[in-house]
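Hi,

Here is the structure I promised to pass on. Have a look first, and then read on for what turned up in it.

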Amino acid sequence: MAHIQPVIERAYKQKIHEQHGRLQVYFAVITGMFVLLTVFFVVLYKQNKKLDRIKVKLQITNDDLSDLNKSLSESNRVKEEYVSRFMSLCSSYIANLKHYQSMVYSKIVVGKIEELKTMVNSSDVIELEVRQFYRNFDEAFLNIYPNFIVEFNELLREEERFVLPKSRCLSPELRIFALIRLGITDTDRIAKFLQYSTNTVYSYRTKIKNKAIDKTCFDKKILNIG
């Protein structure tokens with residue numbers, strides 16, 4: 001036993017040493033794999049973050065494109081409606097001018113000069129044409145924005161809202177803000193377009209704005225109607 005015991009102890013220590021060596025190798029391999037997995041997850045996390053940012057940018061771009069397409073579609077619709085109205089109005093003016101020319105000529109031929117002077121000095125013809133122009137504008141605008149008055153009323157305090165008209169006709173105040181909705185915001189241009197005075201347009205704009213729920217963003221919200 002005295003001779004055998006040292007041999008057994010050496011064999012046991014050798015075995016322990018070999019197992020310890022294998023454990024070190026296993027530990028090194030596991031540590032290496034853990035480091036690789038950690039690096040992999042860090043890279044994957046960064047890539048996911050980058051993808052999320054790209055998705056957000058793509059969503060914003062898609063939203064912008066959608067808004068642009070909507071704006072272009074609306075712009076084309078507005079152009080088509082008003083080109084059609086413009087052609088119809090021009091044709092009507094030409095027909096009226098021919099009729100007026102024929103009538104003037106016939107009165108000159110028969111010598112009704114005084115009657116002709118009275119007719120020319122009268123503003124009835126101009127007023128009739130202006131009313132016709134307003135009617136065409138109102139109908140064209142309400143064809144494009146049928147809910148304009150309803151949405152416009154939502155921007156005003158309840159006690160200040162407009163009564164919905166039975167006919168397809170806008171009041172002077174609504175007509176001014178209809179032009180603003182179309183992008184014509186300059187007071188002088190609105191006055192010339194509608195045959196109003198500049199003071200009248202400015203007065204109407206100020207009066208209506210004072211009735212708004214939110215005066216600060218009122219003009220911007222007008223442009224978003226429809």
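Which residues of α7 are buried? Before you dig in, please keep in mind that this is a predicted model. The answer is Val 201, Arg 205 and Ile 208. Around the axis they cover an arc of only 75°, so they sit on the same side of α7. That fits the general pattern: an α-helix has 3.6 residues a turn, so residues three or four places apart point the same way. On the other side of α7, Asn 199 and Tyr 202 are exposed.

What do the buried residues of α7 pack against? Their partners are α4 (148–153), α5 (172–181), α6 (187–194) and α8 (218–223). The length of α7 also checks out: its 12 residues (198–209) should span 16 Å at 1.5 Å a residue, and the end C-alpha atoms are 17 Å apart, which agrees.

Now for the chain as a whole. The protein chain has 8 helices and 0 strands. Of its 226 residues, 22% are buried. Its accessible surface is about 16,900 Å², and carbon and sulfur atoms account for 61% of that. If you count contacts between residues at least 6 apart in sequence, 66% of them join residues at least 24 apart.

One surface feature may interest you too. Leu 23, Val 25, Tyr 26, Val 29, Ile 30 and Met 33 make up a nonpolar patch, together offering about 620 Å² of accessible area. Val 25, one of these residues, lies in helix α1 (residues 4–109).

Happy to talk it over whenever suits you.

Best wishes

Methods. Residues are numbered from 1 along each chain as its sequence is written. This is a predicted model: local features need pLDDT of at least 70, side-chain atom pairs count only at pLDDT 80 or more; totals for chains, interfaces and linings use all residues. Side-chain values use heavy atoms; hydrogens and water are left out. Helices (H or I, at least four residues) and strands (E, at least two) are DSSP runs, numbered from the N terminus. The expected span of a helix is 1.5 Å times one less than its number of residues. Buried means under 20% relative accessible area, exposed over 50%, partly exposed in between (1.4 Å probe, protein chains only). The arc is that of the directions from the helix axis to the C-beta atoms. Contact means heavy atoms within 4.5 Å. Patches are made of residues with over 30% relative accessible area and no salt bridge: like charges are joined within 9 Å, nonpolar side chains (Val, Leu, Ile, Met, Phe, Trp, Tyr) within 5 Å. Accessible areas come from the Shrake-Rupley method with a 1.4 Å probe; for residues, only the protein chains shown count as cover. A salt bridge is a side-chain nitrogen of Lys or Arg within 4 Å of a carboxyl oxygen of Asp or Glu.
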